[in-house]
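Visitor: Could you walk me through this one, and tell me what stands behind each label as we go?

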Amino acid sequence: MVQEILAYIILAAAIFFLVRKFLWKKKNEKNCGEGDCGCH
Amino acid sequence: MRQTIASLKKGEKAVIRDFDVEAIPLKLLEMGCLPGNLVEVLQVAPLGDPLYLNINGSHLAIRLETAREIAIDPLTITLQ
Amino acid sequence: MTSTKNINVALIGNPNTGKTSVFNQLTGLNQQVGNYPGITVEKKIGFCKLPYNIKANILDLPGTYSLNASSIDENVVIEMLLNKNDKLYPDVVLVVADVENLKRNLLLFTQIKDLEIPTILVINMADRMGAKGISLDVPYLEAQLKTKIAVISSRKGTGIDELKKLIVAYQSLPTEPCLNASIIDPEYFNRLRKTFPNQLLYKLWLVITQDVNFAQLDRNEIRNSYTRSQIELKKIQQKETIKRYQFINEVLKDGQKINLATAKDFRIQLDRILTHKVWGYAIFFAILFVIFQSIFSWSAVPMDFIDSTFASLSTLAAQHLPAGVLTDLIAQGIIPGIGGIVIFIPQIAFLFLFISMLEESGYMSRVVFLMDKIMRRFGLSGKSVVPLISGTACAIPAIMATRNIENWKERLITILVTPFTTCSARLPVYAIIIALVIPEKRVLGILNLQGLTLMLLYLIGFGTAIVAAYLLNKILKINGKTYFVVEMPGYKLPMFKNVSLNVLEKTKAFVWGAGKIILAISIVLWFLASSGPGNAFHHADQIVAAQHLSEPLSATDFENAVASQKLENSYIGIMGKAIEPAIAPLGYDWKIGIALISSFAAREVFVGTLATIYSVGDTDNENTIKNKMQTEIHPDTGQKVFNFATGISLLLFYAFAMQCASTLAITKKETNSWKWPATQLVLMSGLAYLVALVTYQILK
């Protein structure tokens, strides 16, 4: 039983991590949006 | 037609005269590319571009299109 | 008197001044690399013990020629120096200068002084003074520049103790600027000063000229009354630069003496050969060849060792941990997952060892010089060479290496095409398929056919990268001025400390960057492969037993058969069967389909998955897998599954497909947008599918 719970917790953590990495839109704290900021 | 760094050949030296501020990256100025400073062409890349220069003691390479923007006065005396 | 708070020390300076060496000398192994939030620049902080029990946090800022930022890297530097409330705001700044390029290095120094932060001038590379005939009047310079000077050699380790003492005494450093920059446009600056009497004039100026927000003053407040047009601002910046150089020239006239008679210069002779029309390229390609040969031969042993170690660990875990789901997850999902990451460390480390040495020695700049024109025809930059070469180990550190490409379009194209180069992860896949479908023959007596195929695949990788770059260059409409400037530093012997710390850093980047993602996906895939709906899965053992009633199997064979049955009916098995119609035209069956899906964790997982599918429990024995796969017959066609056509189709699929989630993640980070990794995924997968399809249909 314990084994199953722990295993599923790990699975949930892995999925959570992936979702956050790929799907969550991180707010951009600095002005530079896409690439060339024109900071010339 | 005015002479620019682009018209110099390998080994030639010149004095920088002027350039359009818009056309040159500020970084180049900060590395010593200023009117009155000496420029020497150390190497030209095999296809003519980029140019390996000694500007005011700084060793750097720039592309031909940038070199075309920098006007120079050729040295009449060759320094040994 | 002991201080309980750590001093904040910031290290700044031109590139190629040995600033990193100084950082390494001060901090040793006590350093960590992180990221500034929202930007791709690296944040390097280290810890140093100074005399009198004082401790310091040393922040290594990206190399820059001036405080006028021309890239995001340099922007970060300024931002931190303008915000007194920033927790990294330095108590003292060390400006590192190279004794051979003092004139240019001092530009930045005078700008820092204008910010009225205590500053120490660190003149590095003192060991070269003799060879270059340079002598300095240090007290004179200290008086004129209003600072304290430490003359050191980070390479030899001299002067470091004196430097540490100067840092400790930072509070006694003068903070007045050494020249009055506002006289370049008195009217403008006087107005500015009157309106904002509480702000440092130079700080205001920096804010106006770049997009920076700092604590007490928002850009918007100043913008309306003081912003001039970009051209006008640039003109003032130019005047500022000229003024500063005038000052510096004055100071150095008496402060520095150069005796040209005693100066020796290897640089010219070396440059003549290394940038030669013919020899330059020949030498470069020879070096590349040596590098690749070495990487392959050197990594073989450690990789085998890592492979067997992790296999043993896995078995050990299964044997010693109590039976259950968690143990299975650990033994079959987590340990192999981590093993799959660790096994690439040797190749990556060796590649970066070479690249690091080439960069440290100064040679890389010459390569950039040689390759720029050619690369530009394809929309790339000379500076794209390092990322493209690095991509043969792993795309992740390669894409990070594109940060020094000034032109955004060139940088973007480099980022997008680098994944086409044959990375280490593709090798196990290539190896096994080549072993299966390419005969072990020799062509023309000397060339091994299998080796030749591998080389061909490498060439296809590079070739596709170049072609893709060419197309992207034509298609993408991005404007960007080309501000290509590359410094050609003097040649130096690479320092072991710097090289090794660099290799460590890059390897860590791979392990953390790719590692976490690979591990997470491995865990998910394991679950998908070890659970399934329905009876076919849950009663696998009964079903297998029933199938072999007439000729019962041995214990091992039975286990393997059950594993195979379970896999076929697990979630991933169902997925594999579901995509079978889509991949059948490419010559793949559902078993290969499963392997393809698993490859999304990491391409090399392909081999391990195939081993499980073909009911071979033991992955160590490559021959067994090979034999099983070779004899596998497709139920529908009655022919061998791994025939020549399918093999080539698979090879080409892996060559072109974007299967590395980690690469997509880093592309997203470096381009700050979803658009690009998404486009990459769609286009590359599409290409892979089409090529594999056509290939199979033609060859079958």
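Visitor: What makes H15(C) count as lying across strands, and at what angle to S12(C) does it run?
Guide: H15(C) lies across S3 (51-55) and S4 of chain B, together with S12 of chain C, and runs at about 150° to S12(C). Angles here go from 0 to 180 degrees between N-to-C directions, with axes fitted to C-alpha atoms, for helices over the stretch in contact. Helices (H or I, at least four residues) and strands (E, at least two) are DSSP runs, numbered from the N terminus. This is a predicted model, where local features need pLDDT of at least 70, side-chain atom pairs count only at 80 or more, and totals for chains, interfaces and linings use all residues. Residues are numbered from 1 along each chain as its sequence is written, with chains lettered from A and ligands numbered from 1 in the order in which they are written.

Visitor: How do you know that S4(B) and S12(C) pair?
Guide: Two strands pair if DSSP finds at least two bridges between them. Three bridges join S4 (residues 58-62) of chain B to S12(C), and the two run antiparallel, so they pair. One detail: B:Ile62 has C:Val485 as its bridge partner in S12(C).

Visitor: Which strands make up the sheet, and in what order?
Guide: It's an open sheet of six strands, S5(B)-S1(B)-S2(B)-S3(B)-S4(B)-S12(C), with antiparallel pairing. The twist averages 40° from one strand to the next. Inside chain B, S1 (residues 13-19) and S2 (residues 38-44) are joined by three bridges and run antiparallel; B:Val15 is matched with B:Leu38 in S2(B).

Visitor: Why are S5 of chain B and S12 of chain C said to stand at the edges?
Guide: S5 (70-74) of chain B and S12 of chain C each have a single partner strand, so one side of each is left without a neighbour in the sheet.

Visitor: How many residues of chain C are in contact with chain B?
Guide: 30 residues of chain C are in contact with 28 of chain B, contact meaning C-beta atoms, placed from the backbone, within 7 Å. On the chain C side, H10(C) gives the most, with eight residues. That side divides into 12 nonpolar, nine polar and nine charged. Nonpolar covers Ala, Val, Leu, Ile, Met, Phe, Trp, Tyr, Cys and Pro, charged covers Asp, Glu, Lys and Arg, and the others, Gly among them, are polar.

Visitor: Why is chain B called as compact as a globular protein of its length?
Guide: Its radius of gyration, taken over C-alpha atoms, is 11 Å, close to the 12 Å that the globule rule gives for 80 residues, so the label fits. The rule is 2.2 Å times the number of residues to the power 0.38. Chain B reads β-α-β-β-β-α-β along the sequence.

Visitor: What makes H1(A) oblique to H13(C)?
Guide: H1 (residues 2-22) of chain A and H13 (residues 325-342) of chain C pack at about 45°, with axes 7 Å apart. Under 35 degrees is roughly parallel, over 145 roughly antiparallel, 65 to 115 roughly perpendicular, and the rest oblique. The angle falls in that last group, so H1(A) is oblique to H13(C). Residues making the contact include A:Leu6 and C:Leu329.

Visitor: And why is H12(C) called roughly antiparallel to H13(C)?
Guide: The axes of H12 (residues 279-320) of chain C and H13(C) come within 9 Å and cross at roughly 170°. Being over 145, that makes H12(C) roughly antiparallel to H13(C). By class, their contact has 10 nonpolar, three polar and no charged residues.

Key
Contact = placed C-beta atoms within 7 Å.
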